[in-house]
Amino acid sequence: MSLRNYKSFVEDVWSHFPALKQVKSTDITNYNYFWTLQQHIDVGYLNFETNRKFLYRLSVLLENHAVRNHVPLLATFETDKRYKYVGNRYREFLDKIPKAWIIGDFKNQFLAPQPPSNAEVISCDGTNIANMWIVLTTRETGPFGLVAENIGDGQFRGFFSISPSVIGKVVQSISEQLKVKIDFSKKN
């Protein structure tokens, strides 16, 4: 089955795991914004609709995990401006991880960020990845992280998952659409 049956990246993933779409969304208004990354991992999988504040905090937890454990990181940015917002922080930690993929809707490849050599900068212009907020890293059981799409008015819907098969489908879709090799199994 093709990974591009829908305009929605999240719908593409859910089409392979229909039961996950049916998981009741976590009410982020009552959600503890101060959960640790381990608490997210303990839950295993959650659907949500939320704003940037929640996603930013969870993204930082995932980025810190990558740095602390010296493991790869993949992050998407909707626009050049979104990357510039975190660019200084990324420049500080990119050399502390073995591999990074920075994917964004960079319309002009010459204006894309120029990170260290261990990071690939990839434009997703013209794909359904362009409106995504994805931050993935890995742990001993495989890749995990957050996948959310902009649904307008500063709101996002998506999921957090520790399932290697679910996140593997996310990575497969990105790899196929952008014609790149993303491999979390290699540390270097």
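## A mixed sheet, its helices and its salt bridges

At 14% relative accessibility, glutamate 11 counts as buried, where buried stands for under 20% relative accessible area, exposed for over 50% and partly exposed for values in between, computed with a 1.4 Å probe on protein chains only. The model is a predicted one, in which local features need pLDDT of at least 70 and side-chain atom pairs count only at pLDDT 80 or more, while totals for chains, interfaces and linings use all residues. Residues are numbered from 1 along each chain as its sequence is written, and side-chain values use heavy atoms, with hydrogens and water left out.

Glutamate 11 takes part in a salt bridge with arginine 157, whose closest N and O atoms are 3.1 Å apart; the term denotes a side-chain nitrogen of Lys or Arg within 4 Å of a carboxyl oxygen of Asp or Glu. Since arginine 157 belongs to strand β8 and glutamate 11 to helix α1 (residues 9–14), the pair ties together parts that are 146 residues apart in sequence. Helices (H or I, at least four residues) and strands (E, at least two) are DSSP runs, numbered from the N terminus. Arginine 157 is itself buried, at 17% relative accessibility, and its side chain also meets that of glutamate 149 in a salt bridge of 2.8 Å, N to O. Glutamate 149 is buried as well, with a relative accessible area of 4%. Together with Lys21, the residues Glu11, Glu149 and Arg157 are linked in a network of salt bridges, and the structure holds six salt bridges.

Strand β8 leads on to the sheet, an open one of eight strands in the order β1-β2-β8-β7-β6-β3-β4-β5, with mixed pairing; two strands pair if DSSP finds at least two bridges between them. At the edges lie β1 (25–26) and β5 (119–123), each of which pairs on one side only. Strand β5 runs parallel to β4 (residues 100–104), to which five bridges join it, and one residue pairing can be named here, with valine 121 of β5 as the bridge partner of isoleucine 102.

Two helices can be placed against these strands. Helix α6 (residues 164–178) packs on the sheet and touches β3, β4, β5, β6, β7 and β8, its direction making about 65° with that of β7; contact means heavy atoms within 4.5 Å, and the angles, from 0 to 180 degrees, are taken between N-to-C directions of lines fitted to C-alpha atoms, for helices over the stretch in contact. Helix α4 (residues 52–69) lies across β2 (45–51), β3 (73–77), β6 (132–139), β7 (142–152) and β8 (155–161), and runs at about 30° to β6. Asparagine 64 lies in helix α4 and is partly exposed, with a relative accessible area of 36%.

A second asparagine, residue 47, is found in strand β2 and is buried, with a relative accessible area of 2%. Its side chain reaches the backbone oxygen of leucine 20 at 2.7 Å and that of valine 23 at 2.9 Å. Not counting residues up to four places away in sequence, asparagine 47 touches several residues, among them Trp14, Ser25, Thr26, Gly158 and Phe159.

Back at the edge strand β5, the side chains of lysine 99 and glutamate 120 meet in a salt bridge (2.8 Å, N to O). This pair links distant parts of the chain, 21 residues apart, with lysine 99 in the loop between α5 (80–93) and β4 and glutamate 120 in strand β5. Lysine 99 is buried at 18% relative accessible area, whereas glutamate 120, at 29%, counts as partly exposed.

Note on methods. A polar contact is a pair of N or O atoms within 3.5 Å; within protein, one must be able to donate a hydrogen and the other to accept it, and residues adjacent in sequence count only if both atoms are side-chain atoms.
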